2 protein chains.
Amino acid sequence: MTTSAPVVVSRSTLKRLPLYLHVLEDLQRQGREYASCTMLAGKFDFAPILVRKDLEVTGAKGTAKIGFKVVDLIRDIKEFLGWHNVQDAFLVGAGNLGKALLGYKDFELYGLNIVAVFDADPRKVGTRVFNKEVLPMGRMPGLAKRMHINIGIVTVSADGAQAVVDAMVISGIRAIWNFAPAPLSIPDGIILENARLTQSLAVLSNNLKRTLQSE
Amino acid sequence: MTTSAPVVVSRSTLKRLPLYLHVLEDLQRQGREYASCTMLAGKFDFAPILVRKDLEVTGAKGTAKIGFKVVDLIRDIKEFLGWHNVQDAFLVGAGNLGKALLGYKDFELYGLNIVAVFDADPRKVGTRVFNKEVLPMGRMPGLAKRMHINIGIVTVSADGAQAVVDAMVISGIRAIWNFAPAPLSIPDGIILENARLTQSLAVLSNNLKRTLQSE
DNA sequence: TTATTATCGATAGAAAATTATCGATAAATC
DNA sequence: GATTTATCGATAATTTTCTATCGATAATAA
């Protein structure tokens, strides 16, 4: 097997790929066999050429006039994102957001399987969330090491986030998906991805403000 | 009053502004009076010049050697984002994610006040979520018009999303914050902002895949 | 007082992302 | 079978975003 060097692509492209994937899975359910960049672009008001460039990085090959084979394209995108192999993950913070994520069934389709939940609050420990028992924080490092967990999800408040991240790093976790609204410091080599709702809200608010102003 | 033309700035800048805001509010709580771009940049591993450029769009003025006055900068960013005036919003979809958003107290700091919750499921109607009664979908349009609601939040599943959005548009809602993983079509002039978790997850997964591959 | 340093603000330059162009090809139409 | 059309794939041009440079200024130190 020729292991080609991992391709680095822009964040923007990376964020558009799941959008295409959603649509493609929908098309697959509808029984469509082929999809063109023009058609995909139409769903999002993107330029067709942008979609073609994005798909290029996945290595998918299309044919003129008919486009890409839906099953192949789904496979190539998933493979490129690393979603073909499901990764086990730990979640820390059994608050509302944590519960919402635990209840989101589709994560497995996106390569993510949340296998355990932890919380520092003794009142939450022992309760069950979507059929998973909330475990005490103290057990996290040992279990993470033993189970070779690579992904940690942080859904605690801003205050506690840094401590949780530090514990995760010590436990051998390599990639952290952070939902806490706090800037976190991590050592080199650890992957940190922030999922901040307020960022998206900022774009919305500013657009609305401009619209209302120009009336 | 000289109403200057609304400034259009890049999405990237817009998404970084709330990050600075979080830090600044933290600094304010700590009693810091001034903050420099260099220091803010350090919190996020950004280039100081990038922060300076971002802040420029808000119209905030700093002084050499000391930086920006924290209170003024917070005010200018909030004003620029439209977060100085709190907007009332309706939320549709009282599932787990909907509940999580309802439970997020800080939205008011970010110009958002969720005043009512709706759901199409009769079993959910009448229940209370964070002290708000879940109302039937049928009442949404009338109430939205009467209360002059500008913002609608969609936390239903992908299937139901388009119908909810259509209803919102008819009800006079101008800006839609969508959490459903579906591409939505909206008429011109309506603002649509998608908050998609899978986008953020895609970046994380791809990074992790590349890290694991290169070992 | 004068020199030094950190930082701002403005302008210019570099890099990255997006869009356009064009030949090739496969299907559809005449 | 020839012509037209939609689309791909590759390369080039454009636009946008990010970074560097430089003079000005305010605080600090000598």
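Which base atom of DNA strand D lies 2.9 Å from a polar side-chain atom of A:Arg52? In this predicted model, the partner of A:Arg52 is a base nitrogen of DNA strand D.

The surroundings of the strand come next. There are 23 residues around DNA strand D. Those that come nearest are A:Cys37, A:Arg52, A:Gly62, B:Arg16 and B:Ala64. Of the strand atoms that come within 4 Å of the protein, sugar and phosphate account for 60%. Two polar approaches to phosphate involve residues from this nearest group. A:Cys37 places a backbone N or O atom 3.0 Å from a phosphate oxygen of DNA strand D. B:Arg16 uses its side chain instead: an N or O atom there is 3.0 Å from a phosphate oxygen of the strand. Four elements give two or more residues to the surface near DNA strand D. Chain A supplies α2 (37-44) and α3 (48-56). Chain B supplies α1 and α3 (48-56). By class, this surface has nine nonpolar, seven polar and seven charged residues.

Salt bridges were then examined. Side chains of opposite charge can pair when their charged atoms come close. The count over all chains is 16 salt bridges. One of them joins two chains. A:Arg174 pairs with B:Glu215, with the closest N and O atoms 2.2 Å apart. A:Arg174 lies in the loop between α7 (158-170) and β8 (175-178) of chain A, while B:Glu215 lies in the segment after α8 (197-213) of chain B, so this salt bridge links the two chains. A:Arg174 is partly exposed, at 22% relative accessibility. B:Glu215 is exposed, at 63%.

Other pairs lie within a single chain. In chain A, the side chains of A:Asp121 and A:Arg123 form a salt bridge, with an N to O distance of 3.1 Å. A:Asp121 has 19% relative accessibility and therefore counts as buried, the limit being under 20%. A:Arg123, at 70%, is exposed.

In chain B, B:Asp26 and B:Arg29 form a salt bridge, and their closest N and O atoms are 3.1 Å apart. Both residues belong to helix α1 (residues 11-29) of chain B. They are three residues apart, so about one helical turn separates them. B:Asp26 is partly exposed, with a relative accessible area of 37%. B:Arg29 is exposed, at 64% relative accessibility. Back in chain A, A:Asp72, A:Arg75 and A:Asp76 belong to one network, joined by salt bridges that share partners.

Methods
Residues are numbered from 1 along each chain as its sequence is written. Chains are lettered from A and ligands numbered from 1 in the order in which they are written. This is a predicted model: local features need pLDDT of at least 70, side-chain atom pairs count only at pLDDT 80 or more; totals for chains, interfaces and linings use all residues. Side-chain values use heavy atoms; hydrogens and water are left out. A salt bridge is a side-chain nitrogen of Lys or Arg within 4 Å of a carboxyl oxygen of Asp or Glu. Buried means under 20% relative accessible area, exposed over 50%, partly exposed in between (1.4 Å probe, protein chains only). A residue is near a molecule or strand if one of its heavy atoms lies within 4 Å of it. A polar contact is a pair of N or O atoms within 3.5 Å; within protein, one must be able to donate a hydrogen and the other to accept it, and residues adjacent in sequence count only if both atoms are side-chain atoms. Ala, Val, Leu, Ile, Met, Phe, Trp, Tyr, Cys and Pro count as nonpolar, Asp, Glu, Lys and Arg as charged, and the others, Gly among them, as polar.
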